[in-house]
Amino acid sequence: AVNAVICVVSLYLVLHIVGSVELFSAIKTYFFTVDMECWKDVFKPVIPWREYAYYACKCGAYTTGALLLATLRFERMDVTD
């Protein structure tokens with residue numbers, strides 16, 4: 001479990017740093033770190049619920065894709081005693 005947490009945090013930090021470099025601005029929209037900053041809108045006087053629904057669907061798609069890849073990898077593993 002600790003290994004998974006370290007991998008996810010390091011991936012988040014790498015994508016966040018790479019996304020801040022101007023050279024990669026064309027592909028920045030595909031990073032999931034762009035959508036993680038939507039929580040800042042909670043402090044606005046009017047909460048944009050439509051944008052939250054969009055970001056929730058996008059984050060759900062990333063989660064579903066990662067879960068599908070992990071499941072396929074797990075099914076292909078050869079686990080023996």
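A residue counts as buried when its relative accessible area is under 20%. The exercises below use this cut-off on a predicted model.

**Exercise 1. Find what share of the 81 residues in the chain is buried, and describe the exposed surface.**

Step 1. Apply the cut-off of under 20% relative accessible area. Buried residues then amount to 12% of the 81 residues.

Step 2. Turn to the surface. The chain exposes about 7100 Å², and 70% of that area is supplied by carbon and sulfur atoms.

**Exercise 2. Decide how the chain compares with a compact globule.**

Step 1. List the secondary structure: two helices and zero strands.

Step 2. Compare radii. For 81 residues the globule rule gives 12 Å, and the radius of gyration of the chain is 16 Å, well over that value, so the chain is more spread out than a compact globule.

Step 3. Add the dimensions. Along the principal axes, the C-alpha atoms fill a box of roughly 60 × 30 × 25 Å.

Step 4. Add the contacts. Of those between residues at least 6 apart in sequence, 25% join residues at least 24 apart.

**Exercise 3. Describe the largest pocket and its lining.**

Step 1. State the volume: the largest pocket holds about 190 Å³ of space.

Step 2. Name the lining residues: Val8, Leu11, Phe32, Met36, Cys59, Tyr62, Thr63 and Ala66.

Step 3. Assign the lining to helices. H1 (2-19) and H2 (49-76) each supply at least two residues, and H2 gives the largest share, four residues.

Step 4. Sort the lining by class: seven residues are nonpolar, one is polar and none is charged.

How values were computed: Residues are numbered from 1 along each chain as its sequence is written. This is a predicted model: local features need pLDDT of at least 70, side-chain atom pairs count only at pLDDT 80 or more; totals for chains, interfaces and linings use all residues. Side-chain values use heavy atoms; hydrogens and water are left out. On a 1 Å grid over the protein atoms alone, a cavity is a set of points where a 1.4 Å probe fits but cannot get out, and a pocket is an open set with protein on both sides within 12 Å along at least five of seven lines; lining residues have an atom within 4 Å of a point. Grid points are joined across faces, edges and corners, and a volume is the space filled by probe spheres set on the points. Ala, Val, Leu, Ile, Met, Phe, Trp, Tyr, Cys and Pro count as nonpolar, Asp, Glu, Lys and Arg as charged, and the others, Gly among them, as polar. The radius of gyration is taken over C-alpha atoms; the globule rule is 2.2 Å times the number of residues to the power 0.38. Buried means under 20% relative accessible area, exposed over 50%, partly exposed in between (1.4 Å probe, protein chains only). Contact means heavy atoms within 4.5 Å. Accessible areas come from the Shrake-Rupley method with a 1.4 Å probe; for residues, only the protein chains shown count as cover.
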